[in-house]
Amino acid sequence: MEGHEKLEKARERIIETIAQNIHLYGLVPSAGRQYGMMFFQNEPLTLDDMTEKLGMSKTSMSTSVRALSDLKLVERAWKKGVRKDLYKVSDDWYQSFIDLFSIKWRRSVTLHLVAIKKSLAELEQLLADPTASEELLKEVQNDIEKLKYIKNYYEWLERLVDVFEDQKIFDLVPIMNDSESDLKD
């Protein structure tokens, strides 16, 4: 019995760590516990299975699994003879991170660049206004410089997202295999 207790303790430590850090994905701790529990399962689970294992409501399980699925951390599975929806943890954590990073940052970059370009165009018009005061023109020029700086930043960030999406990130930061990882411990 002692071996099983150690196994459960080791698993629970990882599950709780996932629950504490799942906020990085915009999720609540209960979704992290659900994900952690699913990670250690060798078979896909139904919502009923998850409810039984975690003692949470089926509605809560459904909401969490949908959020995990939207982030591509969990995917539907199929098993002959099972009519209920089955779910399992996505096999590729690296791709899941790339998808999440890319989706969130691409949206942010696009919103910022659209706003910056629109504001720069308006400020350029102000610079051309012959009735504008010297004081106003000085402020406008200062704002233009600031906007050009953040425009460069968001264009850099856009290229960084491209590096992730094209998986060139692995050329810069290679995935270590188990033996390389063991050397770091």
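In the predicted model, a salt bridge connects the side chains of Lys84 and Asp48, with an N to O distance of 2.3 Å. The two partners come from distant parts of the chain, 36 residues apart: Lys84 sits in the loop between β1 (74-77) and β2, and Asp48 belongs to helix α3. Asp48 has a relative accessibility of 28% and therefore counts as partly exposed, since the partly exposed class lies between 20% and 50%. In total, the structure holds 13 salt bridges.

A further salt bridge joins Arg106 to Asp162, whose closest N and O atoms are 2.7 Å apart. This pair also links distant parts of the chain, with Arg106 in helix α5 and Asp162 in helix α6 (residues 134-165), 56 residues apart. Both side chains belong to partly exposed residues: the relative accessible area is 22% for Arg106 and 30% for Asp162. Within helix α6, Glu155 and Lys151 are four residues apart, about one turn of the helix, and their side chains meet in a salt bridge at 3.0 Å, N to O. Glu155 is partly exposed at 25% relative accessibility, and Lys151 is partly exposed with a relative accessible area of 21%. Salt bridges with shared partners also join Asp48, Lys58 and Lys84 into one network.

Aromatic contacts were examined next. The structure holds 10 aromatic pairs. One of them is formed by Tyr35 and Trp93, with 5.9 Å from centre to centre and 45° between the planes, a tilted arrangement. Tyr35 lies in helix α2 (residues 29-39) and Trp93 in helix α5 (residues 93-127), so the pair links distant parts of the chain, 58 residues apart. The partners differ in burial class: Tyr35 counts as buried because its relative accessibility is 6%, under the 20% limit, whereas Trp93 counts as partly exposed at 43%. The rings of Phe39 and Phe40 have centres 5.0 Å apart and planes at 75°, so this pair is edge-to-face. Tyr35, Phe39, Phe40 and Trp93 form one aromatic cluster.

Phe39, located in helix α2, is partly exposed at 37% relative accessibility. Together with Trp93, Tyr94 and Ile175, Phe39 makes a nonpolar surface patch of about 410 Å². Phe39 and Trp93 thus have a place both in the aromatic cluster and in the surface patch.

The interior was described in terms of nonpolar cores. In soluble globular proteins, nonpolar side chains tend to be buried together. The largest nonpolar core has 20 residues, and those with the most contacts inside it are Tyr35, Met38, Met50, Val74 and Tyr87. Two or more residues are given to this core by each of α2, α3 (47-54), α4 (58-70) and β2 (86-89). The most is given by α2, with four residues. Tyr35 accordingly appears both in this core and in the aromatic cluster.

For Tyr87, leaving aside neighbours within four places in sequence, the contacts are Met38, Pro44, Leu45, Leu47, Met50, Val65, Val74, Glu75, Arg76 and Ala77. A second core, separate from the largest one, has 10 residues, among them Val109, Ile116, Leu147 and Leu157.

Conventions
Residues numbered from 1 in each chain as written. Predicted model: local features only at pLDDT ≥ 70, side-chain atom pairs only at ≥ 80, totals over all residues. Heavy atoms only, no water. Phe/Tyr/Trp six-rings, centres within 6.5 Å; stacked < 30°, edge-to-face > 60°. Buried < 20%, exposed > 50% of the residue type's maximum accessible area, 1.4 Å probe, protein only. Patch = residues over 30% accessible without salt bridge, like charges linked within 9 Å, V, L, I, M, F, W, Y side chains within 5 Å. Areas by Shrake-Rupley, 256 points an atom, 1.4 Å probe, with all protein chains shown as cover. Salt bridge = Lys/Arg side-chain N within 4 Å of Asp/Glu carboxyl O. Core = buried A, V, L, I, M, F, W, Y, C linked by side-chain atoms within 4.5 Å. Contact = heavy atoms within 4.5 Å.
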